[in-house]
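This report works through the fold from its overall composition down to single residues. The reader may wish to keep the coordinates open while following it.

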Amino acid sequence: MKLSSVVVTLLLTAGVAYYVYTPLPAAIEEPLKLMLLDALFHVMLQVDYLCQSLGQSRFSVVEGAMSVLVSLGNMAGGHRGGVRVSDVDFDGIPVRVYEPPAVGGGEGGPRRAVMFYHGGGWAFGTSSKCVSVCMGVFTSVTTGCPGCNSNTRTASVVVLLSSSASLSFTSPCLSEKGSYDILCRQMSDELNAVVVSVEYRLAPAVHFPVQYEDCLRAAKHFLQPGVLGSLSVDPQRVAVSGDSAGGNLAAAVAQEISSDDSGVRFSVQALIYPVLQGLDFHTPSHQQNQNIPILHRYMMARFWLLYMGVDTSLSPLILSPALLHHPSVSPSVRSRINWATLLPPKHIKHYKPAAIETGPQGLKNPEVEFLPGLLDVRSSPLLAEQGVLGRTPRALIITCEYDVLRDDGLMYGRRLQDAGVKVTNVHHDDGFHGCASLTQWPFSFDVGKRVIRGYIDWLQENL
């Protein structure tokens, strides 16, 4: 009996190790922690798929887990209590407004402002969802749930581990703590700025261009002189910003707002590892980092397909190198994402463009339903013409070496510079996608703290 128990234990240990272990570059700090986080994320996605079959909304498990981690981070010292938070609508779009403790600017004048679009593959992420946890399944609920009527109220969360065991703890009400709440509070507090986090609608309930249109509508409302004035915001010091898919939305909105000379425009754009095109999944960074946590190449393909509103089973089609050479993709468009000319040699390394398959695995159907969406500059800001780019505000672009999206940001920075825009490129040689969201216990990484520190310091100096 003892021998069989040992055998079972060894088999289970080997199975867990096999599932968790992912070869990682030596430059990544605390690789075991990142492996564990990646494995947990994959487990959450699998549980999420199960929840969908039971009628739960998609990505509710992922969002729920992220919000619980935020609550734990707050208990570990991440909460900024002096920031005033309010939930309002901007032209029908829900937003969460963060106002700093200092009144009237604290320096005798109007305040800065940052309009922030959260990441999450256009499908999850928030600063203001309420979360209930039951029977091991996280469920996202909108703010104002019956058990959480006040932002200052505490809520007990009970996780049922089995029929006979449970774990409970008390924390600040989770209705106040979405996955981006800590960052927004930190920005508001340290920059003495009004921060507006936009709760745009998410896939798969909606798809492109709805997310973009929600963000643009909120931006146009916010930039009205009357609205800025009511929040004591200096119209010359308004930034647009976002990370990952939020960086995509920020870049696209900045392009559109900059095309109109009649109103207030953003003064800077700050993009954290943005996703900027979905035509080429064979850039050097996609090839190098296709299996690096926490954003694997196949996952990015699935997020694009969700955003386009098509079946994720079409992943092989969007991942095909033949897509870039589809008849609908003109040579001028291809030149705007030609990494062989836009990237510095140190990032091209030994990588070469993927060979175009002409056999049965190639692009057989000339009608690709999602291709028009990928060619739309509102979804792929990197495809914009130089004249459009040249009108956008000065930019901060943060990239990470071990991120499939690294080259999107590097190419966009190069194209902005070629168009005459002042660009600050900050590259983290030990960074990975999502690290900026990993600054609090229990999944805290030093590189994430450095990314956020540099991001806020740049806004402090340039906004």
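The text below treats the overall make-up, the sheet, the helices packed around it, and two individual residues.

**Overall make-up**

The structure is a predicted model, and its secondary structure comprises 17 helices and twelve strands. Of the 463 residues of the protein, 55% count as buried. When contacts with a sequence separation of 6 or more are considered, residues 24 or more positions apart account for 76% of them.

**The eight-stranded sheet**

Eight strands form an open sheet with mixed pairing, and their order across the sheet is β1-β2-β8-β3-β9-β10-β11-β12. The edges are taken by β1 (84-90) and β12 (423-432), each of which has a single partner strand, so that one side of each is left without a neighbour in the sheet. On average, and with direction ignored, neighbouring strands of this sheet are turned by 20° against each other.

Strands of a sheet pair through backbone hydrogen bonds, either parallel or antiparallel. The table sets out three of the pairings in this sheet, with one pair of opposed residues for each.

| Strand pair | Sense | Bridges | Residues opposite each other |
|---|---|---|---|
| β1 and β2 (residues 93-99) | antiparallel | seven | S86 and V97 |
| β3 (residues 111-117) and β9 | parallel | six | M115 and V240 |
| β9 and β10 (residues 268-272) | parallel | five | V240 and Q269 |

Strand β9 thus appears in two of these rows, paired in the parallel sense with β3 and also running parallel to β10. Within β9, V240 is the bridge partner of M115, and V240 also stands opposite Q269 in β10. How many of the eleven residues of strand β9 are buried? Eight of the eleven residues in β9 (residues 233-243) are buried, so this strand is largely enclosed by the rest of the structure.

**Helices lying across the sheet**

Helix α4 (residues 181-191) lies across β1, β2, β3 and β8 (193-198), and its direction makes an angle of about 160° with β8. Helix α5 lies across β1, β2, β3, β8 and β9, running at about 170° to β3.

**Helix-helix packing**

Two packed helices are described by the angle between their axes and the distance between the axes. For α5 (residues 210-222) and α7 (residues 245-258), the axes come within 10 Å and cross at roughly 55°. Because angles from 35 to 65 degrees fall outside the parallel and perpendicular ranges, α5 and α7 are oblique to each other. The crossing in which α5 passes α7 is right-handed. On the α5 side the contact is made by Q211, Y212, C215, L216, A219 and K220, while α7 contributes L249, A252, V253, E256 and I257. Sorted by class, the residues of this contact are eight nonpolar, one polar and two charged.

A second packing involves α4 and helix α17 (residues 446-462), whose axes are 11 Å apart and which pack at an angle of about 40°. That angle makes α4 oblique to α17, and the crossing of α4 and α17 is right-handed. In the contact, L183, Q186, M187, E190 and L191 of α4 meet I452, R453, Y455, I456, L459 and Q460 of α17. The residues of the contact between α4 and α17 divide into seven nonpolar, two polar and two charged.

**Two buried residues**

Is C400 buried or exposed? C400, which lies in strand β11 (residues 394-402), has a relative accessible area of 0% and, since buried means under 20%, it is buried. Leaving aside neighbours within four places in sequence, C400 is in contact with Y273, R406, H427, H428, G431, F432 and C435. One of these partners, H427, is 27 residues from C400 along the chain, and the C-alpha atoms of C400 and H427 are separated by 5.7 Å.

Where is S379 found? S379 is found in the loop between α14 (371-375) and α15 (386-389), and S379 is buried, with a relative accessible area of 0%. Not counting residues up to four places away in sequence, S379 touches F208, N248, W304, Y307, M308, G373 and L374.

Terms used: Residues numbered from 1 in each chain as written. Predicted model: local features only at pLDDT ≥ 70, side-chain atom pairs only at ≥ 80, totals over all residues. Heavy atoms only, no water. Axes fitted to C-alpha atoms, helices over the stretch in contact; angles between N-to-C directions. Helix = DSSP H or I, 4+ residues; strand = E, 2+ residues; numbered from the N terminus. Parallel < 35°, antiparallel > 145°, perpendicular 65-115°, else oblique. Left-handed = near helix turned anticlockwise from the far one by under 90°. Contact = heavy atoms within 4.5 Å. Nonpolar A, V, L, I, M, F, W, Y, C, P; charged D, E, K, R; others polar. Buried < 20%, exposed > 50% of the residue type's maximum accessible area, 1.4 Å probe, protein only. Pairing = 2+ DSSP bridges.
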